[in-house]
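Reader: I am new to this structure and would like a close look at a single part of it. Please take one residue as the starting point and follow its contacts outward.

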Amino acid sequence: QMADREKKFYRAKLAEQAERYDEMVKSMKSVAASDSELSVEERNLLSVAFKNVIGSRRASWRILSAIEQREEAKGSSQMRIDLAKAYRKQVEKELAEVCDEVVKVLDTQLLPKASNTESQVFYLKMKGGVPFQICPGRIPTRSIDERLSEILNLNPATHPPSPTRRSHKTAAPALAPPGNFLLFSILTRSS
C-alpha cells in the first residue's frame, strides 16, 4: 500500500509542476484517504493543491465579474449580460464545492487522524483560514478558535480569539449580498 501512496503523492507533485491543480487535489485526496497520518510534506502539498484550485477559480470569478459589469455599463444585449452572469455564478458554485470538499477531507479524514498538536493546528488553521472561508455557515470560526485553544492549552480569558476573525455580521461591507459575505469577501479580496 505504501507504494500506491508514494505513486499518488508523486503524481500530485507532477500535477503541480504541470499546473494541473484539479488533478493535484484528486491525488492528494487519495493520499489523505489512506490509513496513516500525512507527513509534513504531504500536508503542505494538500494545502497548496486546494489553494491553487481556489486561486484559479477566484481569478476566473474576478475576470467574469469585470466582463459582466463592462457589458452592463456599455448597454450590451441582455443575452450577453445573462451569459456572463450565468458563467460567473457557475464559477461561484465551483468555489463553494471546492470549499465543501476541503472541509469534508479535513473533518472526516485528516483531523481524526491528527495525532500531534502541530498537525491539529495546521488542519484547523487550514479549515478556518482564508481562502477556505468561502462557505458561509460551514466553518464556524468560534469553534475553531476554541479547539485551537484547547489543543494548545490556552486559557480563553488570557488568550482571546484572534482579533482578525470578525463576525460576518460586523465585517460585511455594504455591497456584500446577505448570507454570502464569506464568499463575497474571498472573491473580492486582492491576491
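Author: Arginine 5 is found in helix H1, which covers residues 2-17. The model is a predicted one. Is arginine 5 buried or exposed? Its relative accessible area is 8%, and since the cut-off for buried is under 20%, arginine 5 counts as buried.

Setting aside residues up to four places away in sequence, arginine 5 touches Val31, Ser34, Ser36, Glu37, Leu38, Ser39 and Glu42. With one of these, glutamate 42, arginine 5 makes a polar contact from side chain to side chain, at 2.4 Å.

Another residue on that list, glutamate 37, leads further along the chain. Glutamate 37 is placed in the loop between H2 and H3. Its relative accessibility is 22%, so glutamate 37 counts as partly exposed, because that class lies between the 20% and 50% limits. Beyond its neighbours within four places in sequence, glutamate 37 is in contact with Arg5 and Glu42, and also with Lys113, Ala114, Ser115, Asn116 and Ser119. Which side chains does glutamate 37 join by polar contacts? One is the side chain of serine 115, at 2.6 Å. Another is the side chain of serine 119, at 2.9 Å. Asparagine 116 is 79 residues away from glutamate 37 along the chain, yet their C-alpha atoms are separated by 9.9 Å.

Alanine 114, also on the contact list of glutamate 37, is found in the loop between H4 and H5. Alanine 114 has a relative accessible area of 8% and is therefore buried. Its C-alpha atom is 9.3 Å from that of serine 36, and these two residues are 78 places apart along the chain. Apart from residues up to four places away in sequence, alanine 114 touches Glu37, Ser119, Gln120 and Tyr123.

From alanine 114 the path goes on to tyrosine 123. Tyrosine 123 is buried, with a relative accessible area of 1%. The structure holds one aromatic pair. Phenylalanine 122 and tyrosine 123 form this pair, which is edge-to-face, with 5.8 Å from centre to centre and 80 degrees between the planes. Phenylalanine 122 has 21% relative accessibility and so counts as partly exposed. Over the ring of phenylalanine 122 sits the charged end of arginine 43, 4.7 Å from the ring centre.

Tyrosine 123 is also among the residues with the most contacts inside the largest nonpolar core, together with Met28, Leu46, Phe50 and Leu110. This core has 28 residues. At least two of its residues come from each of H1, helix H2 (21-32), helix H3 (40-73), helix H4 (78-113) and helix H5 (117-128). H4 gives the most, with nine residues. In soluble globular proteins, nonpolar side chains tend to be buried together.

Leucine 46 gives a view of the contacts of one core residue. Not counting residues up to four places away in sequence, leucine 46 touches Met28, Lys29, Leu38, Leu110 and Met126. Leu38 is also among the residues that arginine 5 touches, and this brings the path back to its starting point.

How values were computed: Residues numbered from 1 in each chain as written. Predicted model: local features only at pLDDT ≥ 70, side-chain atom pairs only at ≥ 80, totals over all residues. Heavy atoms only, no water. Helix = DSSP H or I, 4+ residues; strand = E, 2+ residues; numbered from the N terminus. Buried < 20%, exposed > 50% of the residue type's maximum accessible area, 1.4 Å probe, protein only. Polar contact = N/O pair within 3.5 Å; in protein donor to acceptor, adjacent residues only side chain to side chain. Contact = heavy atoms within 4.5 Å. Core = buried A, V, L, I, M, F, W, Y, C linked by side-chain atoms within 4.5 Å. Phe/Tyr/Trp six-rings, centres within 6.5 Å; stacked < 30°, edge-to-face > 60°. Lys NZ or Arg CZ within 6 Å of the ring centre and 35° of its normal.
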